[in-house]
Amino acid sequence: MTTLVYLIPVALFLGALGLSGFLWALRSGQYEDLDGAAERILIEPEVQDNEGLRSN
C-alpha cells in the first residue's frame with residue numbers, strides 16, 4: 001500500500017510529461033503536413049551531371 005504513495009505521483013508526472021510533449025508538438029506544427037512526407041519518398045531527386053567536374 002505504501003508503494004502506491006510513490007507510484008501514483010510518478011504515473012501522474014509521466015502522464016503530464018507525455019501530454020505536454022504532445023501539446024508542444026501539436027503547437028509547433030509537427031502534424032501540419034502528414035501527406036507531404038509520404039509523397040516525398042516517392043519523388044526521385046534530380047541527379048546532376050558531374051562529368052564536367054572530373055579531371056582525368
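Just after helix α1 comes G29, whose phi is positive, near 90°. This is a predicted model, in which local features need pLDDT of at least 70, side-chain atom pairs count only at pLDDT 80 or more, and totals for chains, interfaces and linings use all residues. Residues are numbered from 1 along each chain as its sequence is written, and side-chain values use heavy atoms, with hydrogens and water left out.

The protein has two helices and zero strands (DSSP runs, H or I of at least four residues for helices and E of at least two for strands, numbered from the N terminus). With 26 residues at 1.5 Å each, α1 should span 38 Å (1.5 Å times one less than the number of residues), and its end C-alpha atoms agree at 39 Å apart.

Now to the surface. L19, F22, L23, L26, Y31 and L34 form a nonpolar patch with about 580 Å² of accessible area together. Helix α1 (residues 2-27) gives the largest share of this patch, four residues, while L34 sits in helix α2 (residues 34-40). Here are three of the patch members, classed by relative accessible area (buried under 20%, exposed over 50%, partly exposed in between, with a 1.4 Å probe and protein chains only):

| Residue | Relative accessible area | Class |
|---|---|---|
| F22 | 41% | partly exposed |
| Y31 | 42% | partly exposed |
| L34 | 59% | exposed |

How many aromatic pairs are there? The count comes to one. The ring centres of F22 and Y31 lie 6.0 Å apart with planes at 50°, so this pair is tilted (centres within 6.5 Å; planes under 30 degrees apart are stacked, over 60 edge-to-face, the rest tilted).

Notes. Patches are made of residues with over 30% relative accessible area and no salt bridge: like charges are joined within 9 Å, nonpolar side chains (Val, Leu, Ile, Met, Phe, Trp, Tyr) within 5 Å. Accessible areas come from the Shrake-Rupley method with a 1.4 Å probe; for residues, only the protein chains shown count as cover. A salt bridge is a side-chain nitrogen of Lys or Arg within 4 Å of a carboxyl oxygen of Asp or Glu.
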